[in-house]
Amino acid sequence: MSNVTVEATNMLPILKKKLAFLSGGKDRRSGLILTIPLSSDQTSMEELSATLDYLLSIPSQKCKARGFTVIVDGRKSQWNIVKTVVLMLQNVIPAEVSLVCVVKPDEFWDKKVTHFCFWKEKDRLGFEVILVSANKLTRYIEPCQLTDDFGGSLDYDHNDWLNKRLVFEKFTKESTSLLDELLIINDSDKGNAVDREKSADCALLPSVDPETVLQTGHELLSELQQRRFNGSEGGGQGGPAWCPMEEELLAQPQVMKLLDSLREQYTRYQELCRQRNKRTQLDEIHAKVMQVVTWLQGPGSELLKTQQAIGDSMRAAQALQQKHEEIESQHSEWFAVYVELNQQIAALLSAGEEEEVLELKALQQQLSDVCYQQAAQLEGRQNVLQAAQGFHGITQELSQQLDGLLGMLCADVAPSDGASIQQNLKLLEEKLQTVEAGLASLRQKGGLLMEQMCTQPPWPLEEAEETPAGDQQDNTQHVQTVMEEMQLRKQRCEDMVDVRRLKMLQMVQLFKCEEDALQAVEWLGELLDALLKTHVRLGDDSQETRIMLDKHRKFVDVAQSTYDYGRQLLQATVVLCQSLRCTTRSSGDTLPRLNRVWKQFSVSAEERQQRLELALNFHTAAERVLQQECVDPESLDEVDSSGKTLLDRLTLPVIFPDGTEQYFGSPSDTAAAAEGVRERLLLVEERRLQLQEVELHNDEEELNGQEARLDVIGEELSEKEEEAGQQDEDLERTTQDC
């Protein structure tokens, strides 16, 4: 590896002027081509000399041994400058220059230069100098090794070369410095344990990032290899094409060697860091594990041990729950540390050595045991608090239900009707059922709470001695006391409910009796209306009248039953009012109404019965008269008298006890009933006439018989008169005779 004493960074402005450059092309002897493009401006020989010194320091000694072909492009310069440059080459690189090609302009310089023959000065200069035009330069150098300035096909970008050169030198400098630092760091780990601890305490970090340097080197190497590959593809027919970044030019092997050394030392450095980090991680994990264990077994356990109460109300239980959530929040932070530590330990276990694995497993087991134990305590306490909130919530709800039921029982019962009493009774039963369901739920919640308190995870032996046992007994006693008190309150309410239920059932019966009594009054009134409005007909014959009389008696029996039922109901209301101590009832006017309607009905029914009986007697007598052949005139007179009496009765109103009057039916109904009676009377009258005609006929026949008898008697008298006359005559004669 060649030592670069001058860096491109230090002379960057000069190199940018492109006073000379190595294009990467080679002559037929495989010597490098050094091009010096002279410009029309005055060229600084010092800057050119510095540029040549820098360029000639790049190739390796092997490459330099093959010699250089220098192309001095004097087409834009003066002859004296060209001559000065050629002579300067003698001082800068006399032994390394094998050929100098001076490219002359198309119009040759002044003739005064012709007396200076470079070929005669070959021995003194140490190299051969030829004057050649640009188009004749291919006689000495292949076109593919010439840049396009001389009609060649070799690509060369001076700025690109300079940038890559800067990258190469930067990489070389940084990698060399990094290698030295890594060697020092890696060798420091070979000392004793004390030195290792001291070095571990010190931040042994390289001044530059190895990854960055390696990435830069790989990119540079890739660029070098890519450029060489592309250059070889672009070669012509005259031979292989070499690009400016060919391995002899930019020391590709040097980059590869530096990269290999860097990778080796960096791998050792990474392993060293890994070992140190692992030890540091182990120490940190151990410290964190002990920190977590110490807190959980110390302050964390103390916080839980002081929280054993379950509260005596829902509000107290909620306050305890809030306090427990604060404790859980504190534990959650340490549990998060536990999870993180567990992940770290698991990661180290997968790649740890046997000694480290045993240590890590012991730490992991200790940490897990303590955390799981504390988590179980937290969960047990949370279950107890949830059960306590459920128990206190049910207790509060049941107490409110009992208060509501008691308030309902203590309130006066003054409903307006039986339906409202039924509704109140139903509401009372529903409240009692709700209380019973609440008490059953309270027993269930209380049993669950005591079960949760009894099944809490036990503390370790050394910590259990410090945990007070009285709190557990007090909590259990409190739960049992609350359930017993609620049971007693519920029993008292049940007793009061039984009394209230009986009273309300009596009130329902009272209202029912009152309603039925009113209904009986209404029914009796309806029967009276029906009797007065519809019971008007008297029948067309005795049979129909007798049927109507039987129906009337049944109708009266129904009314009598209704009246008796109403009386019984009113007597029952009196008894119920006395039992309920209810003196002011709306049923006080029901009995007078019932009696008034009954009296009116009785009077009306009696009148109706008398009319039906009169009608029955009338129809019976009329039918007998009409059916008999021989009828006593007195019977006819009796029928006629009863009919007229019935007709007179139909025109009379019913006079109630209070003096009011009421007619049966409408006038048309009364007229229809009277018309039937009149028709029957007409029949009776016709019968009377018939009987009178028969009697008259009989009288005529008797008269005729009497006349006949008179005639006979007359005849007999005549005969007797004749006989008497005869006798008189005889007597006279006798007398005469005598």
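Biologist: How many bridges join strand 4 to strand 5?

Modeller: Strand 4 and strand 5 run parallel, and six bridges join them. One of the pairs I can point to is Lys104, which stands opposite Ser133 in strand 5. Please keep in mind that this is a predicted model.

Biologist: Ok, and what about the other neighbour, how do strand 3 and strand 4 pair?

Modeller: Strand 3 and strand 4 also pair in the parallel sense, over six bridges, and if you look along strand 4 for the bridge partner of Asp73, you will find Val103.

Biologist: Is strand 4 mostly buried or exposed, then?

Modeller: Strand 4 is largely enclosed by the rest of the structure, because six of its eight residues are buried.

Biologist: What does the whole sheet look like, and in which order do the strands come?

Modeller: The sheet is an open one of five strands in the order 1-2-3-4-5, and the pairing within it is mixed. Its edge strands are strand 1, residues 21–26, and strand 5, residues 128–133, each of which pairs on one side only. From one strand to the next, the twist averages 25 degrees.

Biologist: You said mixed, so which sense do strand 1 and strand 2 take?

Modeller: Strand 1 and strand 2, the latter being residues 32–37, pair in the antiparallel sense over three bridges. As an example from that pairing, Lys26 has Leu32 in strand 2 as its bridge partner.

Biologist: Which strands does helix 4 touch when it packs on the sheet?

Modeller: Helix 4 touches strand 2, strand 3, strand 4 and strand 5, and its direction makes about 175 degrees with that of strand 4.

Biologist: And at what angle do helix 2 and helix 4 pack?

Modeller: Helix 2, residues 45–56, packs against helix 4, residues 79–92, at an angle of about 45 degrees, with the two axes 11 Å apart. That angle is why helix 2 is described as oblique to helix 4, and the crossing of the two is right-handed.

Biologist: Which residues make that contact?

Modeller: From helix 2 the contact takes Met45, Leu48, Ser49, Leu52, Asp53 and Leu56, while helix 4 brings Ile81, Thr84, Val85, Met88, Leu89 and Val92. Sorted by character, the residues of this contact are nine nonpolar, two polar and one charged.

Biologist: Switching topic, how do helix 16 and helix 17 cross?

Modeller: Helix 16, residues 542–580, and helix 17, residues 590–627, have axes that come within 9 Å and cross at roughly 165 degrees. Helix 16 is therefore roughly antiparallel to helix 17, and their crossing is left-handed. The residues of their contact comprise 15 nonpolar, 10 polar and six charged.

Biologist: Back to the start of the chain: what is unusual about phi in Lys18?

Modeller: Lys18 has a positive phi of about 55 degrees although it is not a glycine. The reason to notice this is that most residues other than glycine have a negative phi. Lys18 lies in the loop between helix 1 and strand 1, and because its relative accessibility is 28%, it counts as partly exposed.

Biologist: Where is Ser30, and what is its phi?

Modeller: Ser30 sits in the loop between strand 1 and strand 2, and its phi is also positive, near 70 degrees. With a relative accessibility of 34%, Ser30 counts as partly exposed.

Biologist: Last one, how many helices and strands does the protein chain have?

Modeller: The secondary structure of the protein chain comes to 19 helices and seven strands, and of its 738 residues, 40% are buried.

Note on methods. Residues numbered from 1 in each chain as written. Predicted model: local features only at pLDDT ≥ 70, side-chain atom pairs only at ≥ 80, totals over all residues. Heavy atoms only, no water. Axes fitted to C-alpha atoms, helices over the stretch in contact; angles between N-to-C directions. Helix = DSSP H or I, 4+ residues; strand = E, 2+ residues; numbered from the N terminus. Parallel < 35°, antiparallel > 145°, perpendicular 65-115°, else oblique. Left-handed = near helix turned anticlockwise from the far one by under 90°. Contact = heavy atoms within 4.5 Å. Nonpolar A, V, L, I, M, F, W, Y, C, P; charged D, E, K, R; others polar. Pairing = 2+ DSSP bridges. Buried < 20%, exposed > 50% of the residue type's maximum accessible area, 1.4 Å probe, protein only.
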